[in-house]
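Welcome! Please take a look at the structure below before you read on.

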Amino acid sequence: MNSLFGYDPKDTWLHRLTGATKMLAFLGISVIVMASYDTRFVCAVMLASIILFAQAKIRWHQISLVVKIITIFAVVNLLLVFVFSPQYGVGLYGSKHVLLNAGYFTITQEQLFYELNLALKYIVTVPLALIFLITTNPSEFAASLNKLHVSYRISYSVALALRYIPDVQANFRQISLAQQARGYELSRKAKLFQRLKGMGQILMPLIFTSLDRIDQISQAMELRRFGTGKRRTWYMDQPLRTPDWLVLVGVVVIILVGLVLFKVNGGRFYNPFR
Amino acid sequence: MRDHKVLSVRTVVAIGIGTAILFILKRFAVIPTGIANTNIDISYGFLGFIATLFGPVAGFFIGFLGHALNDFTQYGQPWWTWVFTTGLVGMVIGLFWKRFNIEAGNFGTKKIIAFNVLQVITNVVSWSLIAPTLDIIIYSEPANKVYVQGIVSAISNSIATGVIGTILLVAYAATRTRSGSLKKES
């Protein structure tokens with residue numbers, strides 16, 4: 001139904017988990033690995049998420065593009081960090097083991113170790129995010145948000161967004177082709193200012209038709225008395241079952257381990273140079 | 001239309017559709033400036049426009065959800081500090097929606113200047129101060145790197161909002177009937 005999100009209906013235990021469970025698990029894990037600079041911990045989480053990934057029966061072609069983009073993003077960022085502060089790691093770990101002396105760009109073990117940690121953090125949650133995207137039905141996800149006590153209006157907004165992204169995309173493409181047929185150059189060949197102007201020529205019709213659409217949908221929803229009750233029920237709602245609770249307990253355990261490691265390391269950083 | 005609630009039905013729908021548009025623009029309507037890693041992101045112009053139209057709540061959620069969805073599907077993880085900052089920009093610009101009162105159908109020179117002063121201040125404070133500082137606190141990245149990235153995006157986002165946002169607002173105001181445009185025949 002939704003090519004950008006790549007939801008792929010299959011029947012593995014990961015598909016059967018509710019969207020609420022998967023979202024909580026993802027948020028919990030991503031917050032703890034964001035906070036922790038303990039390499040051992042992040043590696044362990046990475047390993048666990050790769051194992052899960054294998055169980056979701058995801059094919060390479062479903063994810064190859066995402067993996068490429070993330071690799072580029074990570075490499076560019078790591079290079080930027082090095083160019084801007086080649087000695088940042090030395091400051092963080094409080095020692096200096098020089099590997100290669102080159103003036104400003106002196107390479108130290110500390111810096112390499114810090115950047116290794118950064119790289120791990122860039123990619124550690126990616127398998128989890130991909131599992132989430134590929135195994136979660138968008139409609140069920142909106143119902144799940146409401147279950148997590150997100151206001152049902154906001155949940156419904158999210159459902160609307162997910163529902164209309166393919167439509168807006170189709171609309172965008174149509175208008176873009178129409179404008180190109182009229183002779184506007186929108187490709188890479190055009191100059192910056194020309195492209196900005198060309199974008200304006202796509203945006204105008206896109207946004208004005210969308211504003212009409214907002215009015216139409218909200219009138220239809222008001223006619224169906226949306227927002228009069230305190231609660232609402234969801235067609236795709238799914239109760240939490242035993243596997244859901246097991247996953248959530250597992251996530252709590254992982255978070256606790258991360259927190260204990262803060263105590264052991266005396267801070268966010270694991271320091272092998274001490 | 002009932003407007004007494006914070007989240008009227010129209011706002012709910014605006015958040016949904018607005019998020020979808022922001023997502024698509026972030027994906028397809030990004031113009032590289034020729035400087036590495038620096039893009040003019042049209043979606044910030046749209047965010048300024050839609051926030052002025054539907055207010056701070058819509059502005060915040062459209063920015064936050066649109067950016068989060070895009071990061072999530074493109075990079076596999078939302079870069080929370082910047083996602084939050086996008087929401088903040090939408091909210092702050094949206095706070096002044098009653099002031100601009102775009103539905104009344106006039107968006108003349110005075111309002112154009114006011115809107116641009118507002119958006120430049122919002123963008124500069126958000127991108128060159130708030131986002132990088134959060135990056136340092138939460139992600140522990142080197143300060144000079146994130147501040148340079150922040151300043152660069154402050155400039156490019158201000159340009160995007162200034163050009164695209166202003167054009168959209170003027171065009172939209174022109175489609176509204178001016179308040180007080182009818183005269184009593186004598």
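Here is a short tour of chain A, one helix of chain B, and the place where the two chains touch.

## Before we start

This is a predicted model: local features need pLDDT of at least 70 and side-chain atom pairs count only at pLDDT 80 or more, while totals for chains, interfaces and linings use all residues. Residues are numbered from 1 along each chain as its sequence is written, and chains are lettered from A and ligands numbered from 1 in the order in which they are written.

## Chain A

Chain A has eleven helices and two strands (DSSP runs, numbered from the N terminus: H or I of at least four residues for a helix, E of at least two for a strand). Starting at the N terminus, their order is α-α-α-α-α-β-β-α-α-α-α-α-α. Its radius of gyration is 24 Å, well over the 19 Å that the globule rule gives for 274 residues, so chain A is more spread out than a compact globule. The radius is taken over C-alpha atoms, and the rule is 2.2 Å times the number of residues to the power 0.38.

## A helix in chain B

Helix H4 of chain B covers residues 80–94. Its 15 residues should span 21 Å at 1.5 Å a residue, and its end C-alpha atoms are indeed 21 Å apart (the expected span is 1.5 Å times one less than the number of residues).

## Where the chains touch

The contact involves 49 residues from chain A and 42 residues from chain B (two residues are in contact if their C-beta atoms, placed from the backbone, lie within 7 Å). On the chain B side, H1(B) gives the largest share, 14 residues.
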